[in-house]
Each structure stands twice: as C-alpha cells, then as structure tokens.
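Colleague: I would like to learn how to read a model of this kind with some care. Could we go through it feature by feature, with the general idea before each case?

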Amino acid sequence: MRHPLSLALILSAAIVSTAAAHGNADHGKTLFSRCAACHAATDQNKVGPGLAGVFGRPAGTAPNFRYSKAMIAYAKPWDEQTLDGFLTAPAKAIPGTSMTIAVSKASDRADIIAYLKSLGSP
Ligand code: HEC
C-alpha cells in the first residue's frame with residue numbers, strides 16, 4: 001500500500017462508473033411514469049405492450065399485442081444496447097415503429113433500463 005489515496009480514488013471512480021453503466025432501478029421506477037400511460041409493468045397490454053419480462057425478450061413478441069410491422073421485423077432481443085438505442089430515438093432505431101417517446105438523457109435511459117431489467121426476464 002504505497003499509494004493508499006490514489007488506490008481509493010481509483011476504486012471510487014470504478015464504483016461510480018459501474019453505477020452509471022447499470023443504472024438506478026429505483027429512479028427508473030419513478031421515471032417509468034413517463035411510460036405508464038401506455039405501458040404496464042406487468043404482462044398486461046395497454047396502448048403499448050406489457051413490459052414485464054421485456055428485458056431479454058425478442059422485440060415484438062409480447063403475446064396478443066398488435067405490433068407495427070417494423071417492430072416485428074426488427075426482432076432483436078432487448079438488452080442494454082438495443083433498449084438504449086431504441087429509447088434514444090425510437091424512429092431512428094426502428095423506422096416505422098408506432099412508439100414515438102424518446103428519453104434524451106443517457107442516465108435516465110440507464111435507470112429506466114435497470115428498472116425494466118428488475119421486472120424479470122423470460
Ligand atoms: C404514447 C404511448 C407510449 C408511451 C408513452 C411509451 N410507449 Fe413504449 N411502446 C408503445 C407502443 C405502441 C409500442 C409498440 C411499438 C411498435 O409496435 O412499433 C411500444 C413498444 C415499446 C417497447 C418494445 C416492447 C416489445 O415488446 O418489443 C419498449 C421496450 C418500450 N415501448 C419502452 C417504453 C418506455 C421505457 C417508455 C417510457 C420512457 C415508453 N415505452 C413510452 C407506446 C408507448
């Protein structure tokens with residue numbers, strides 16, 4: 001331990017960047033109020049598909065939901081990258097999607113994704 005202070009700084013920087021990468025699910029739950037008009041956090045479909053289990057599920061596959069052709073054709077599994085891209089600019093990530101709500105702040109997207117992840121995976 002020749003440089004205890006710099007070691008502590010490196011460790012705390014690592015902890016901060018991990019938190020940013022994984023998001024804060026509690027804050028994501030609060031932010032989900034922006035989504036809740038159209039999405040339930042259960043498997044119930046509303047204007048949008050139910051989002052329980054969405055993390056890890058291929059796009060466009062919630063049972064009994066009528067997706068756009070674009071979403072069905074996209075078909076990639078929802079993970080951190082695909083969700084982040086979609087929530088950044090839905091119509092850019094999936095031209096023709098019927099979802100138009102974007103989340104402009106990266107940390108908000110990470111928090112929402114952490115919350116979606118906490119809803120389970122298939
Ligand atoms: C105005 C209604 C509306 C709002 C608000 C909305 N969505 Fe959506 N969302 C939809 C619709 C409709 C679809 C289906 C899109 C399609 O079929 O192209 C969808 C699809 C999705 C999907 C893909 C689901 C799947 O089963 O493949 C995700 C993920 C998603 N929305 C997340 C969110 C999040 C997170 C928010 C809040 C930041 C949000 N949505 C806000 C209407 C909405």
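**Reading the ligand site and the fold**

Modeller: Let us begin with the ligand, keeping in mind that this is a predicted model. The ligand is surrounded by 25 residues, and the closest of them are Cys35, Cys38, His39, Ser68 and Met99.

Colleague: How do the residues of the shell around the ligand divide into nonpolar, polar and charged?

Modeller: The general idea is to sort the shell by residue type before looking at single atoms. In this case the shell around the ligand holds 17 nonpolar residues, together with six polar and two charged ones. One can also ask which element supplies them, and here helix H4, residues 80-88, gives the largest share of the shell, with three residues. As for the space itself, the ligand takes up the largest pocket.

Colleague: Which side chains place an N or O atom, or another polar atom, at 2.5 Å from an oxygen atom of the ligand?

Modeller: Here the general idea is to look for pairs of N or O atoms within 3.5 Å, which count as polar contacts. An N or O atom in the side chain of Tyr67 is 2.5 Å from an oxygen atom of the ligand, and a polar side-chain atom of Ser68 also lies 2.5 Å from a ligand oxygen. With Ser98 the partner belongs to the backbone, since a backbone N or O atom of Ser98 lies 3.0 Å from an oxygen atom of the ligand.

Colleague: How many helices and strands does the protein have?

Modeller: For the fold, one counts the elements and then reads their order along the chain. The protein has six helices and zero strands, so that from the N terminus on its elements run α-α-α-α-α-α. One may then ask how far apart in sequence the contacting residues are: among contacts between residues at least 6 apart in sequence, 42% join residues at least 24 apart.

Colleague: Is Ile94 buried or exposed?

Modeller: The general idea is to compare the relative accessible area with a cut-off, and buried means under 20%. Ile94 has a relative accessible area of 2%, and therefore counts as buried, whereas for the protein as a whole 34% of the 122 residues count as buried. Ile94 is found in the loop between helix H5 (90-93) and helix H6 (106-118). Leaving aside residues up to four places away in sequence, Ile94 touches Ala70, Met71, Tyr74, Trp78 and Phe86. The C-alpha atoms of Ile94 and Ala73 are 9.2 Å apart in space, although the two residues are 21 apart in sequence.

Colleague: Where is Arg66 found, and is it buried or exposed?

Modeller: The cut-off to apply on the other side is 50%, since exposed means over that value. Arg66 is found in the loop between helix H2 (25-31) and helix H3 (69-74), and Arg66 counts as exposed because its relative accessibility is 79%. Its C-alpha atom is separated by 8.4 Å from that of Pro49, which is 17 residues away along the chain.

Colleague: Which residues have a positive phi although they are not glycine?

Modeller: For backbone angles, the idea is to note the sign of phi and then to see where the residue lies. Asn64 is one case, with a positive phi of about 65 degrees; Asn64 is found in the loop between H2 and H3 and is exposed, with a relative accessible area of 79%. Ala75 is another, with a positive phi of about 60 degrees. Ala75 lies in the loop between H3 and H4 and, at 37% relative accessibility, counts as partly exposed.

Technical notes. Residues are numbered from 1 along each chain as its sequence is written. This is a predicted model: local features need pLDDT of at least 70, side-chain atom pairs count only at pLDDT 80 or more; totals for chains, interfaces and linings use all residues. Side-chain values use heavy atoms; hydrogens and water are left out. A residue is near a molecule or strand if one of its heavy atoms lies within 4 Å of it. A polar contact is a pair of N or O atoms within 3.5 Å; within protein, one must be able to donate a hydrogen and the other to accept it, and residues adjacent in sequence count only if both atoms are side-chain atoms. On a 1 Å grid over the protein atoms alone, a cavity is a set of points where a 1.4 Å probe fits but cannot get out, and a pocket is an open set with protein on both sides within 12 Å along at least five of seven lines; lining residues have an atom within 4 Å of a point. A molecule sits in a cavity or pocket if more than half of its atoms lie within 2 Å of its grid points. Helices (H or I, at least four residues) and strands (E, at least two) are DSSP runs, numbered from the N terminus. Ala, Val, Leu, Ile, Met, Phe, Trp, Tyr, Cys and Pro count as nonpolar, Asp, Glu, Lys and Arg as charged, and the others, Gly among them, as polar. Buried means under 20% relative accessible area, exposed over 50%, partly exposed in between (1.4 Å probe, protein chains only). Contact means heavy atoms within 4.5 Å.
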